[in-house]
Amino acid sequence: MKSKIISMEPVNLRIPVKSPFIIGVHHLDYYPEGNEKMEPTYYIEGREIGKDLDPKSPWRMYHGTTVPGFPSHPHRGFETVTIVEKGFVDHSDSFGLNGRYGNGDVQWLTAGSGIQHCEMFPLINQNSENTLELFQLWLNLPKENKLVQPYYNMLWSEDIPIIEEKDEKGKSFRVKVIAGDYKTKKALPPNPDSWAAEKQNHVVIWIIELDSNAEFVLRPTTESASRMIYYYKGDIISIESETIASGNAVELVSDEEIKILNGVAPSKILLLEGEPINEPISTYGPFVMNTKEEIMQAFNDYLLTQFGGWPWPTNAPLNPIDSERFAKYPNKTEYPKKNKLPDVVCSGC
């Protein structure tokens, strides 16, 4: 019998993906308590501050110098989908928009013709750890949409569908539907110019949570679609009698039903599916285009226009420590329907 597993590889930070996805990363950082400036209260000796990506450390500063995160940087030609499982992100961009999101929220950003943005990780708790866990996916845009107007939107955790069901043996599982419908349950609308906005592109982004010994069945999609799972939390699962340990990404056939059986420990899986964008790809750093000439044009445009400039006083702005979750859009500021202050534990704030 032909295996339904095409390939498998361990994941450290970078998740292997297939078109229409370009890049996937999994950030898991056990940040310590923060101070009143939302900075770590201690540094590990030997850090390369401003370029701290050491995968062996329990937490990283990334490109931040006092607060961890990614200060202002440009993008063109694709989308970022940022899924925050734990912790918080402060967003700012070159259009003067900003926000704070986390603890289950998802930000969907279409870079299109060009945008600068900043993603900082404020350590808001002063008397407890500030664990951060997030996925960032780069979703390609087809040539016709490479230069659309940039657009960002929040999918608040309160609104994202989470479906709980039981398998044939009564074991429970849950599906968080970020993109792609699950049975009759529809995901929130993706950004309007996204590859995911067309139903025939079969873009799926789910987080599947399995209780002990639960079984989940992936329904078949098309033969041409890509299908990847990243098993990021748990002990072991089995697919068609093949055992897979936590921390592995697996490419699967897409046009067959696949049964995933969990082991004893509760497990979590990120599922990515979609029809490939069958166009040439040229990438360099923060730009994803179709040709080298378009990459050169992206650099020239960025040098000339700065994609709208940077209206903030620093390259790594933060919201106040006690800020609620919110998103500032061009014509309004939006708060989740059931917004609550982050669990700030501090004095004098």
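Visitor: What volume does the largest pocket have?
Guide: Welcome! This is a predicted model, and the pockets in it are a good place to start. Rolling a probe the size of a water molecule over the atoms shows where empty space is left. For the largest pocket, the volume comes to about 590 Å³.

Visitor: Which residues lie nearest the centre of the largest pocket?
Guide: Its lining is made up of 22 residues. These divide into 13 nonpolar, seven polar and two charged. Nearest the centre lie Val25, His27, Phe70, Gln136 and Trp138.

Visitor: Which strand gives the largest share of the lining of the largest pocket?
Guide: Three strands each supply at least two lining residues, namely β3 (21-31), β4 (69-75) and β10 (130-140). The largest share is four residues, and the strand they come from is β4.

Visitor: How many charged residues are there in the lining of the second largest pocket?
Guide: That pocket holds about 370 Å³ of space. Its lining has 19 residues, with Gly180, Asp181, Ala196, Lys199 and Val203 nearest the centre. Sorted by type, the lining has 11 nonpolar residues and two polar ones, and the number of charged residues is six.

Visitor: In what order do the six strands of the open sheet lie?
Guide: The pairing in this sheet is antiparallel. Its edge strands are β2 and β11 (151-155), each of which pairs on one side only. Read across, the order is β2-β3-β10-β5-β8-β11.

Visitor: Which residue of β10 does Thr82 stand opposite?
Guide: Strand β5 covers residues 78-86 and runs antiparallel to β10. Eight bridges join these two strands. Across from Thr82, the residue in β10 is Gln136, which is also one of the residues nearest the centre of the largest pocket.

Visitor: Which residues of β15 are on its covered face?
Guide: In a regular strand the side chains alternate between the two faces of the sheet. Strand β15 spans residues 215-218, and its uncovered face has Glu215 and Val217. The covered face has Phe216 and Leu218.

Visitor: Which residue of β20 stands opposite Glu215?
Guide: β15 and strand β20 (residues 258-262) run antiparallel. Four bridges join them. In β20, the residue facing Glu215 is Leu261.

Visitor: How far apart are the end C-alpha atoms of α1?
Guide: The helix α1 has 14 residues, and at 1.5 Å a residue these should span 20 Å. The distance between the end C-alpha atoms agrees with that expectation, at 20 Å.

Visitor: Which residues of α1 are buried, and what arc do they cover?
Guide: The buried residues of α1 are Ile295, Ala298, Asp301 and Tyr302. They are on the same side of α1, because the arc they cover around the axis is only so wide. On the other side, Lys292, Glu293, Met296, Leu303 and Leu304 are exposed. The arc of the buried set is only 120°.

Visitor: Which peptide bond is cis?
Guide: Most residues other than glycine have a negative phi, and most peptide bonds are trans. Here Pro20, in the loop between β2 (14-15) and β3, is part of a cis bond with omega near 20°. That bond runs from Ser19 to Pro20.

Visitor: Is His202, with its positive phi, buried or partly exposed?
Guide: His202 has a phi of about 50° although it is not a glycine. Its place is the loop between β13 (172-179) and β14 (204-210). With a relative accessible area of 32%, His202 is partly exposed.

Visitor: Is Phe307 buried or exposed?
Guide: Phe307 lies in the loop between α1 (292-305) and β24 (326-328). Its phi is near 50°, a positive value in a residue other than glycine. The relative accessibility is 6%, and buried means under 20%, so Phe307 counts as buried.

Visitor: What distance separates the C-alpha atoms of Gly112 and Val148?
Guide: Gly112 lies in the loop between β8 (106-110) and β9 (115-120). At 0% relative accessibility, Gly112 counts as buried. Gly112 and Val148 are 36 residues apart along the chain, yet their C-alpha atoms are separated by 4.8 Å.

Visitor: How far apart in space are Lys143 and Glu279?
Guide: Lys143 is in the loop between β10 and β11. It counts as partly exposed, at 47% relative accessibility. In sequence, Lys143 and Glu279 are 136 residues apart, while C-alpha to C-alpha the distance is 7.7 Å.

Technical notes:
Residues are numbered from 1 along each chain as its sequence is written. This is a predicted model: local features need pLDDT of at least 70, side-chain atom pairs count only at pLDDT 80 or more; totals for chains, interfaces and linings use all residues. Side-chain values use heavy atoms; hydrogens and water are left out. Buried means under 20% relative accessible area, exposed over 50%, partly exposed in between (1.4 Å probe, protein chains only). Two strands pair if DSSP finds at least two bridges between them. On a 1 Å grid over the protein atoms alone, a cavity is a set of points where a 1.4 Å probe fits but cannot get out, and a pocket is an open set with protein on both sides within 12 Å along at least five of seven lines; lining residues have an atom within 4 Å of a point. Grid points are joined across faces, edges and corners, and a volume is the space filled by probe spheres set on the points. Ala, Val, Leu, Ile, Met, Phe, Trp, Tyr, Cys and Pro count as nonpolar, Asp, Glu, Lys and Arg as charged, and the others, Gly among them, as polar. The expected span of a helix is 1.5 Å times one less than its number of residues. The arc is that of the directions from the helix axis to the C-beta atoms.
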